[in-house]
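Please open the structure in the viewer and keep the selection panel at hand. The tour proceeds by selections, each followed by an account of what is found there.

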Amino acid sequence: MSDYDFDTLQLHAGQESADPSTKARAVPIYATSSFTFDDAETAADVFSGKQKGNQYGRMHNPTVQAFTDRLVALEGGKGGVALSSGQAATTTILFALARPGTNFVVSKELFGGTFAVARKLLEPWGSKFIAVEPQPEAVAAAIDENTVGVWLESIANPSCSVPDIAAIAEIAHAQGVPLIVDNTWGCGGYICQPITLGADIVMHSATKWIGGHGTFIGGAVIDAGSFEWGAERFPAFHQKDPRGKTYLDKGGDAPFSARAYDLGLFTMGMTLSPHSAFLALQGLETLSLRVQRSCDSALELAQWLEKHPAIKRVIYPGLTSHSSHMVAKHTLQHGFGAVLSFETHDLETAKAFLDNVKLVSHLANIGDAKTVVINPWTTTHASLSEEAKRGAGVSPELIRLSVGLESVKDLKADIAQALTALKVV
Ligand SMILES: Cc1ncc(COP(=O)(O)O)c(C=O)c1O
């Protein structure tokens with residue numbers, strides 16, 4: 001299928017023909033925890049990996065597999081694993097690479113949940129994050145002989161900064177380190193395709209634009225199949241299991257995917273339900289159409305808000321005023337993302353704005369078909385120290401706006417009425 005365009009792959013990859021047993025055109029929801037074996041020999045062969053087949057629902061499900069294969073195709077990867085949440089995908093990647101004594105060089109603007117995994121799980125276990133500005137020079141200076149990964153987000157939340165993925169991939173590779181990109185804001189490969197820019201591992205919260213309708217929680221890991229895991233820095237990839245096989249043997253051209261599957265599904269059991277995988281598949285079928293519309297509307301709203309007297313500052317990489325604008329032009333495609341942030345006069349005016357919106361929903365999610373807003377200072381980033389919040393580009397008066405699919409005229413009308421009562425900056 002790899003010759004097809006993105007718009008075709010989002011409908012067909014992972015399901016190349018109708019369901020063979022029923023001829024159902026949509027991917028069926030295989031609601032089963034287990035699968036029968038034709039005979040004892042087959043059971044043994046499936047368990048040993050000699051033969052492909054479904055064993056048990058914690059690791060195998062055809063609906064989940066169709067979703068995984070479709071997302072891998074859209075991201076240009078060689079393999080992948082779907083998981084129960086974006087957070088599950090993050091935890092799986094970090095523990096697939098870490099050992100006590102190792103470190104990850106990460107952008108200081110990462111999603112708070114990613115820092116929570118470092119603080120609550122990695123650090124007590126002896127591995128740590130080194131948080132730096134997501135700039136090539138800062139990343140190069142921080143990598144040392146114990147670094148086992150560089151971690152970026154394609155578009156940061158809520159500062160909307162865009163790192164130079166291609167330049168940072170080169171730096172990481174020169175030091176024998178893989179680049180991981182949380183591409184949640186890159187919308188399933190439509191706005192950003194980190195693998196084509198040199199990333200080795202892509203992570204997603206499928207809860208956001210992939211599902212696209214705010215109806216489930218899910219995540220995924222995608223393996224570019226590009227990284228050489230043979231170095232001493234990554235002993236887990238060449239250690240033999242009790243059957244005498246390494247992940248390099250088992251994974252074919254996607255060894256990281258084999259390790260993520262083993263840790264995330266087999267060992268930790270962070271399995272995506274087939275019902276959620278079905279919703280994710282439905283979301284992917286219209287991904288490019290939805291995301292294009294949201295990005296176009298986000299740009300129009302950003303330009304309009306920039307001129308609004310009640311707004312102090314608009315933060316959107318599609319605006320020439322954003323410090324990442326030039327990098328975003330060559331790192332993103334089709335648009336500049338579906339989220340913008342803006343600053344009102346102060347925290348009180350930000351709260352008043354949230355209380356005034358009617359059409360726009362006030363909630364802690366992004367990537368919904370409906371437009372949503374939040375004040376990160378008092379909610380999503382509230383557990384961080386003031387210094388960490390400011391480091392992530394969060395100020396008390398900041399509002400994050402994830403633009404959905406409503407008419408821009410109606411969105412402007414709702415935002416305008418919510419702003420009229422506020423102090424002019
Ligand atoms: C950039 C980013 N990464 C990861 C996550 C975690 O995903 P989930 O909520 O699906 O666990 C989120 C959730 O908001 C996110 O925005």
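Why is Val360 buried? Before selecting the residue, note that this is a predicted model. Val360 counts as buried because 23 other C-beta atoms lie within 10 Å, where 20 or more are required.

**Around Val360**

Display the backbone on either side of Val360: the residue belongs to the loop between helix 13 (347–356) and strand 10. Next, select Thr371, Val372, Val373, Asp414 and Ile415, with which Val360 is in contact when its neighbours within four places in sequence are left aside. Then add Asp410 to the selection. Asp410 stands 50 residues from Val360 in sequence, yet the two C-alpha atoms are 9.8 Å apart in space.

**The open sheet**

From Val360, move on to strand 10 and the sheet that contains it. Five strands make up this open sheet, in the order 8-9-12-11-10, with mixed pairing. Strand 8 (313–315) and strand 10 (361–362) are the edge strands; each has a single partner strand, so one side of each lacks a neighbour in the sheet. Select strand 11 (residues 372–374) together with strand 10: the two pair in the parallel sense over two bridges. For one such bridge, pick His362 and its partner in strand 11, Val373. Val373 is also among the contacts of Val360.

Now bring helix 11 (residues 287–306) into view. Helix 11 lies across strand 8 and strand 9 (339–343), and runs at about 10° to strand 9.

**Helix 9**

Select residues 255–267, which form helix 9. From its first C-alpha to its last, this helix of 13 residues reaches 17 Å, close to the 18 Å expected at 1.5 Å a residue. How many of its residues are buried? The count is 11 of 13, so that the helix is mostly covered. Among the buried residues are Phe256, Arg259, Tyr261, Asp262 and Leu265. To see what covers them, display strand 1 (79–83), helix 4 (86–97), strand 6 (201–205), strand 7 (219–223) and helix 8 (247–251), which are included in that cover. Finally, step just past helix 9 to Gly269, whose phi is positive, at about 65°.

**The ligand shell**

Which residues are closest to the ligand? Select Ser85, Gly86, Gln87, Ser205 and Thr207, the closest of the 13 residues that surround the ligand. Colouring the shell by residue class shows two nonpolar, nine polar and two charged residues.

Key:
Residues are numbered from 1 along each chain as its sequence is written. This is a predicted model: local features need pLDDT of at least 70, side-chain atom pairs count only at pLDDT 80 or more; totals for chains, interfaces and linings use all residues. A residue is near a molecule or strand if its C-beta atom, placed from the backbone, lies within 6 Å of it. Ala, Val, Leu, Ile, Met, Phe, Trp, Tyr, Cys and Pro count as nonpolar, Asp, Glu, Lys and Arg as charged, and the others, Gly among them, as polar. Helices (H or I, at least four residues) and strands (E, at least two) are DSSP runs, numbered from the N terminus. The expected span of a helix is 1.5 Å times one less than its number of residues. A residue is buried if 20 or more other C-beta atoms lie within 10 Å of its own, exposed if 12 or fewer, and partly exposed in between; C-beta atoms are placed from the backbone. Two residues are in contact if their C-beta atoms, placed from the backbone, lie within 7 Å. Two strands pair if DSSP finds at least two bridges between them. Axes are lines fitted to C-alpha atoms, for helices over the stretch in contact, and angles run from 0 to 180 degrees between N-to-C directions.
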